[in-house]
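Take a look at the chain below. We will walk through one part of it, step by step.

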Amino acid sequence: VFLGILVPKRMRIMILVQRDSNMKPVVPGENCYVDVSAEAFLADAIAYAVSVYKSAANIKLLPAEERFVRVLDSPSDSDTLDMCSGECGWGKDIGAAGATFRRFMRTGGAAIIGRLVLGLGAPVVVFAVRKFTDGNDGAGLGPLQDYVTVDFCKDESTMAHEIGHACALWHTEGSLMQRFKDGRPATLEKWQVALMRQSPHVTFF
């Protein structure tokens, strides 16, 4: 990496869109309502993530399933629809919300479940949530969890930022990993690229 040689690698992601109690997908959602499908609404966030990881780290983002986006078949309750970050997010992870997220993750095919069990090449699972009660736009609990949560009504860079947390990156100024201010730079530092490319989520196959 530090010599400028980046052999192409791959990372898979799976975006799971939750439904509210009325079976309405949270994307686009009440706070960012437009009359399009969830997949169409998420196209910009997906394109941003694909572009930044390809250009900055030569990592090709691929859908873990046939498509990047799947709307869940059953409704969620407020425990997973309305999320929080930091210590609050960790509290939810060890409680009912974390158990529910892991159950939703197991609704993928056998290949996805196998990757999640083995760890190597496991997809980063992105849950679309209704809102963050602490005002944030997303949360990633670091490399110990295979999922992140995102309010897609905020900034298109949020998903790419949270995927970085799942690959062991932490907050730093002047890169994709800075806390949200007025947008995030679509760049990564060399050390961030080196660290990310060592993540179990990032493989040659």
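Which residue just after H7 takes a positive phi? Ala168 does, with a value of about 85°. Keep in mind that this model is predicted.

Now step back into the helix itself. H7 covers residues 158-166. It is mostly covered, with nine of its nine residues buried. Those buried residues are Thr158, Met159, Ala160, His161, Glu162, Ile163, Gly164, His165 and Ala166. What covers them? The cover includes strand S1 (9-19), helix H2 (43-57) and helix H8 (190-196). Strands S5, S7 and S8 also belong to it.

Follow S8 next. This strand spans residues 147-150. Its side chains split two ways: Tyr147 and Thr149 point one way, while Val148 and Val150 point the other way. Are these residues buried or exposed? All are buried.

S8 has strand partners, so to speak, and S5 is one of them. S5 takes in residues 124-128 and runs parallel to S8. Four bridges join S5 to S8. Find Ala128, which stands opposite Val150 in S8.

Turn to S7, residues 138-140. S7 pairs with S8 in the antiparallel sense, over three bridges. Here Gly138 has Val150 as its bridge partner in S8. So Val150 appears again: Ala128 stands opposite it, and Gly138 is bridged to it.

How many residues lie between S7 and S8 in their hairpin? There are six. Gly142 sits in the turn, with a positive phi of about 95°.

Technical notes: Residues are numbered from 1 along each chain as its sequence is written. This is a predicted model: local features need pLDDT of at least 70, side-chain atom pairs count only at pLDDT 80 or more; totals for chains, interfaces and linings use all residues. Side-chain values use heavy atoms; hydrogens and water are left out. Buried means under 20% relative accessible area, exposed over 50%, partly exposed in between (1.4 Å probe, protein chains only). Two strands pair if DSSP finds at least two bridges between them. Contact means heavy atoms within 4.5 Å.
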